[in-house]
Amino acid sequence: MKTLYLRFALTTVCIMLVSGCLAFVLSNWYYQSNLKPYNDQKITEITQTIANYYENNKGLDFPNYFDHIANLGFQIAYYQEGQKPVFFGRPFDETSLPASVIREVLSGKTYHGVLRFPTGVFITGFFDDALINTIGVPLHGIEGRSALFVRPDIGTQFGEMRIFFSVLLLLTIGLSILFVFIGTYYIVRPIRTLTKATRKIAEGDFHIQLPVNRKDELGILAKSFSGMTASIEQLEKMRQEFVSNVSHEIQSPLTSIQGFSKTLQSNDLPNETKKQYLSIIELESERLSILSKQLLTLASLESEKNLLQRSPFDLAEQINQVVTMLQWQWRAKGLAIELDLPSTLINADAKLLYQVWINLLTNGIKFTDEGGTIRFEILPISVEEIQVRVTDTGVGISKEDISHVFERFYKTDKSRTNKVGGSGLGLSIVHKIISLHKGSIQVSSVPQVGTTFIVTLPRL
Ligand SMILES: Nc1ncnc2c1ncn2[C@@H]1O[C@H](COP(=O)(O)OP(=O)(O)OP(=O)(O)O)[C@@H](O)[C@H]1O
Ligand SMILES: [Mg+2]
């Protein structure tokens with residue numbers, strides 16, 4: 001079976017056929033266990049009435065009388081002692097009858113053939129057109145002792161009904177099969193649509209139409225599928241953006257390195273200019289090296305799970321180290337550093353947090369004009385949490401930019417930052433490290449006044 005459609009339709013048809021067979025067996029069992037005694041009783045009464053009328057009207061022309069009764073829809077067998085049987089009405093399919101039964105009836109007993117008829121799974125007693133499936137009663141007429149066996153002629157009595165029910169049954173089966181095939185087509189259709197949609201997505205086309213208005217499971221599936229498609233599309237966009245940003249960040253230092261090395265080769269330049277060009281080449285290679293390091297850091301932060309190597313250490317000590325390490329940078333710019341760092345023990349990844357303070361301090365140095373101030377504070381805000389605030393008196397960040405500064409490659413002012421250096425990855429690395437520690441980072445800033453980064457971290 002190749003398609004779900006065919007599988008579903010054929011399974012339903014099989015279920016219908018099996019149910020039909022079961023229904024037949026069960027209803028037959030119901031007839032044999034419940035209806036048979038009533039049927040027997042009913043036919044016994046009819047047969048008795050026929051016999052009574054015959055006995056009460058002596059001299060009745062019996063062949064004529066029984067012929068008449070047979071025409072009303074009965075099959076009759078008449079046995080006179082010592083003579084061959086006479087049949088009236090439509091002949092029986094099966095005419096064998098044990099001699100003991102005939103003797104029994106002739107001796108005055110009633111024969112309940114309908115009730116005695118064998119019981120079995122596939123024996124449809126009601127329809128069996130056999131002489132043993134009759135009611136036999138004794139007759140005392142002027143001809144002497146005789147036995148009368150009667151059963152309703154199902155063919156005559158229920159002829160039209162049988163045709164009616166056969167047509168009904170056949171139509172029910174035929175129409176059910178037809179509607180099962182049509183219905184299945186409509187049930188399976190949304191799955192086909194989904195399959196087509198997955199193919200389209202695999203080819204990179206995210207514009208898909210799905211039956212999201214359905215209220216059933218397929219509707220839910222379509223809805224989550226659409227949601228998934230939207231996130232894949234967004235991811236794909238982010239990936240493309242990331243690749244183009246990376247290429248751009250690599251391209252500009254490479255172009256400048258290429259340009260300056262060409263100039264250095266071709267022209268007879270004064271030593272002073274040569275030195276200047278070489279230092280630019282050195283600076284640009286350094287930029288490239290920093291960029292590749294940052295990308296590696298981001299990739300490892302994104303990909304590895306539970307990569308935090310927590311250990312207890314003094315945060316104040318660590319920040320002091322960072323400030324000392326970067327002193328040639330802030331001293332060169334004539335910046336003042338204010339520290340309010342009470343000794344604070346924290347259980348965190350020391351290597352990663354070191355990176356956080358470096359990135360925040362280099363930003364402060366980079367975006368604060370000469371003579372400005374950068375302030376580091378540790379605030380033990382609760383038993384569980386501490387806060388580190390880094391405040392500068394720098395250029396500040398505008399309202400529009402502030403929500404984007406943690407995005408990868410985001411720089412508020414491209415031209416300025418190009419001059420200052422940096423690829424816009426520092427804060428996204430900071431953000432990632434803080435989230436890995438289950439902490440948070442906020443920024444508040446007033447342009448031309450200064451910026452404050454507030455890092456909140458759990459102590460443990
Ligand atoms: N202290 C600050 N004052 C003013 N603007 C800031 C400050 N810190 C960050 N920004 C702005 O946010 C942007 C993103 O900062 P981020 O640290 O991610 O990148 P970067 O410093 O430009 O480059 P990188 O850190 O990768 O060398 C910066 O380009 C800058 O425009
Ligand atoms: Mg930075």
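Here are some worked exercises on the ligand site and helix packing of a predicted model.

Local features need pLDDT of at least 70 and side-chain atom pairs count only at pLDDT 80 or more, while totals for chains, interfaces and linings use all residues. Residues are numbered from 1 along each chain as written, chains are lettered from A and ligands numbered from 1 in the order written, and side-chain values use heavy atoms, with hydrogens and water left out.

**Exercise 1.** Work out which residues come nearest to ligand 1, and sort its shell by class.

*Step 1.* Count a residue as near if one of its heavy atoms lies within 4 Å of the molecule. There are 22 residues around ligand 1, and N363, K366, D392, T412 and L427 come nearest.

*Step 2.* Now sort by class: the shell has eight nonpolar, 10 polar and four charged residues. Here Ala, Val, Leu, Ile, Met, Phe, Trp, Tyr, Cys and Pro are nonpolar, Asp, Glu, Lys and Arg are charged, and the others, Gly among them, are polar.

**Exercise 2.** Find polar contacts of ligand 1, then say how much of the ligand is buried.

*Step 1.* Look for pairs of N or O atoms within 3.5 Å. A ligand nitrogen sits 2.8 Å from an N or O atom in the D392 side chain.

*Step 2.* Check the backbone too. One oxygen atom of ligand 1 is 2.9 Å from a polar backbone atom of L425, and a backbone N or O atom of L427 is 2.8 Å from a ligand oxygen.

*Step 3.* Turn to area (Shrake-Rupley, 1.4 Å probe). Alone, ligand 1 exposes 590 Å², and the protein buries 96% of that.

*Step 4.* Which elements give two or more residues to the shell? They are α11 (350–366), α13 (414–420), α14 (426–436) and β12 (450–458), with helices (H or I, at least four residues) and strands (E, at least two) taken as DSSP runs numbered from the N terminus.

**Exercise 3.** Describe how α8 packs on α14, and α1 on α2.

*Step 1.* Fit axes to C-alpha atoms over the stretch in contact, with angles from 0 to 180 degrees between N-to-C directions. The axes of α8 (residues 271–303) and α14 come within 10 Å and cross at roughly 25 degrees. That makes α8 roughly parallel to α14 (under 35 degrees).

*Step 2.* For α1 (residues 4–56) and α2 (residues 62–71), the axes come within 12 Å and cross at roughly 155 degrees. So α1 is roughly antiparallel to α2 (over 145 degrees).

Methods. A polar contact is a pair of N or O atoms within 3.5 Å; within protein, one must be able to donate a hydrogen and the other to accept it, and residues adjacent in sequence count only if both atoms are side-chain atoms. Angles under 35 degrees count as roughly parallel, over 145 as roughly antiparallel, 65 to 115 as roughly perpendicular and the rest as oblique.
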